[in-house]
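Q: Please pick one part of this model and give me a close look at it. Take your time, and explain your cut-offs as you go.

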Amino acid sequence: MAGEPQGDCLFCKIVAGHVPATIVRETETTVAFRDINPQAPTHVLVIPKAHYEDAATLATAAPALAADVLRETQAIADEDKLESYRIVFNTGTGAGQTVFHAHAHVVGGRGLHWPPG
Ligand code: AMP
Ligand code: ZN
């Protein structure tokens, strides 16, 4: 069922506390933790606690929860005093999505090129 925890999902396991993560913020509906393979001085993943496979699925099924995730990206940027940063939702394997539980990458703390690779 939409939003239910998936036994084979890494990020559901992090939400449940079954896989360790460096959690930097938590709300009733979201968790934010440091990416295990950081691409910048700040590289934090913000996820909904509920399982949706990608950002668009999340936004369609649970728009208020999608807004919670976005609001948390701002909180991360504020905490790390980032004036400029990038929010990335890789969607689909061709775009580099490897974990199919919606997550926002918050990347900053260094110069960021545009367009991205
Ligand atoms: P994506 O490739 O957009 O699906 O993003 C998945 C991200 O999860 C990658 O940047 C990984 O480095 C990160 N990642 C994978 N396993 C873990 C973990 N156990 N803790 C924190 N981040 C992870
Ligand atoms: Zn999940």
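A: Let's start inside: phenylalanine 11 and phenylalanine 33 are both buried (under 20% relative accessible area, with over 50% called exposed and anything in between partly exposed, using a 1.4 Å probe and protein chains only). Bear in mind that this is a predicted model, where local features need pLDDT of at least 70 and side-chain atom pairs pLDDT 80 or more, while totals for chains, interfaces and linings use all residues. Residues count from 1 along each chain as written, chains are lettered from A and ligands numbered from 1 in written order, and side-chain values use heavy atoms, without hydrogens or water.

Searching the whole structure turns up 1 aromatic pair (Phe, Tyr or six-membered Trp rings with centres within 6.5 Å; planes under 30 degrees apart are stacked, over 60 edge-to-face, the rest tilted). Phenylalanine 11 and phenylalanine 33 make that pair, edge-to-face at 5.3 Å between centres and 80° between planes. It bridges distant parts of the chain, 22 residues apart: phenylalanine 11 sits in helix H1 (10–16), phenylalanine 33 in strand S2 (30–34). Both elements are DSSP runs numbered from the N terminus, helices (H or I) having at least four residues and strands (E) at least two.

Now the ligand. Around ligand 1 there are 15 residues, with Asp35, Asn90, Gly96, Thr98 and His105 the closest (a heavy atom within 4 Å). Among its polar contacts (N or O pairs within 3.5 Å), a ligand oxygen lies 2.7 Å from a polar backbone atom of glycine 96. Another contact puts a ligand oxygen 2.9 Å from a side-chain N or O of histidine 103. H1 and S2 are the elements that each give two or more residues to this shell.

Conventions:
Polar contact = N/O pair within 3.5 Å; in protein donor to acceptor, adjacent residues only side chain to side chain.
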